[in-house]
Amino acid sequence: MKWEKKQSDDFEDRRGRSGGGKTLIGGGILGIIVVLLSLFGGDFGKTVAPILDQFNQGQSTENQEVVTRELSEQEKTLGQFSKSVFVYNNETWQQIFEENGMTYKNPGMVLFDDAVNTACGSATSAAGPFYCPADEKVYMDLRFFEELHTRFGAEKGDFAIAYVIAHEIGHHVQHLLGTNAEVRRLQQQTGKTQANKLSVAQELQADFYAGVWASRNKNRLEAGDIEIAISAAQAVGDDAIQSKMQGHVQPETFTHGTSKQRVAWFMKGYNTGDFKQGDTFSEIR
């Protein structure tokens, strides 16, 4: 992907540091919950709001931040790349919202090592990249992408990072449009099977939004970028994850969609470039 250095006051790089910020008392259970979800859902791209925002009412304590290591040059480059992709996403969605008579609000983004404290609670890298609606920030440990390649077979390439960032900002778009809140409301009124279907529709729509972003940034794409995004989407389909981790597939437990669905909705967003064509919920109505 073609990119140049961009700056953003909404982007934080906390890698190489430990502590700092607020630690939610009793938030340690969060990591366990998200790990269990990842076993049966998909290893990234979760809208963790239904779980995480239940923790944001607790008391918190302040920790002193400590620098623990220096970042390598490669890590610094990937961090700057992530910041630039983050800015490109915000610029694109700002334009889309303006075209449709709406106001876009930039989210925040945080890079971290191992664990992080959020307004939604504490999380570890095992959660994978996620979006927290309570503070409207995307959280990501970039070392996740090496595991995505070595453990789940996704192709290597920086556009895998771009795809994931675009997916998570897709959840922010859902937050601004009220989709996330509506999904949580409906999930509370139905059984587990239907709640899972709503989650699948929500995740597939975020994939669609990622495709819309890619479509609107074709001038930045290089040969092989879309293939890398497709490979990442295939690797984190519920069926692919379950096959690798438990040796069999349980469709009734899907929360993110199959590999085929994830690729199809990403490509629909890419081929149309029209965010209004992302109604992933019609099939479950």
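Strands, like helices, are DSSP runs numbered from the N terminus, and the loop views below use those labels. All the close-ups come from a predicted model.

**Close-up 1. Asp114 in the loop between strands E7 and E8.** Let's start at the turn-off into E8: Asp114 sits in the loop that links E7 (108-111) to E8. Its phi is positive, about 70°, although Asp114 is not a glycine. Most residues other than glycine have a negative phi.

**Close-up 2. Strand E8 and its alternating side chains.** Just along the chain is E8, which covers residues 115-118. Val116 and Thr118 point to one face and are buried. Ala115 and Asn117 point to the other face and are not buried.

**Close-up 3. The hairpin of E8 and E9.** Here E8 meets its antiparallel partner E9 (residues 121-124), and four bridges join the two strands. Two residues lie between E8 and E9 in this hairpin. If you would like a pair to look for, find Asn117, which stands opposite Ser122 in E9.

**Close-up 4. Glu136 in the loop between E10 and E11.** This loop runs between strand E10 (130-132) and strand E11 (137-140), and Glu136 is part of it. Glu136 is another residue to check for its backbone: its phi is positive, near 55°, and it is not a glycine. Glu136 has a relative accessible area of 15% and is therefore buried.

**Close-up 5. A salt bridge within helix H3.** Glu73 and Lys76 are both in H3 (residues 73-99), three residues apart, which is about one turn of the helix. Their closest N and O atoms are 3.5 Å apart, and the two residues form a salt bridge. Glu73 is exposed, at 57% relative accessibility, while Lys76 is partly exposed at 41%.

**Close-up 6. The salt bridge of Arg69 and Glu75.** The side chains of these two residues meet with an N to O distance of 3.0 Å. Glu75 is buried, with a relative accessible area of 18%, whereas Arg69 is partly exposed at 29%. Side chains of opposite charge can pair when their charged atoms come close.

**Close-up 7. Arg151 with Glu147, and a salt-bridge network.** The side chains of Arg151 and Glu147 form a salt bridge at 2.7 Å, N to O. Both partners are partly exposed, Arg151 at 44% relative accessibility and Glu147 at 28%. Elsewhere, salt bridges that share partners connect Arg69, Glu75, Asp113, Asp114, Asp141 and Arg143 in one network. For the wider setting, the whole structure holds 17 salt bridges.

Technical notes
Residues numbered from 1 in each chain as written. Predicted model: local features only at pLDDT ≥ 70, side-chain atom pairs only at ≥ 80, totals over all residues. Heavy atoms only, no water. Buried < 20%, exposed > 50% of the residue type's maximum accessible area, 1.4 Å probe, protein only. Pairing = 2+ DSSP bridges. Salt bridge = Lys/Arg side-chain N within 4 Å of Asp/Glu carboxyl O.
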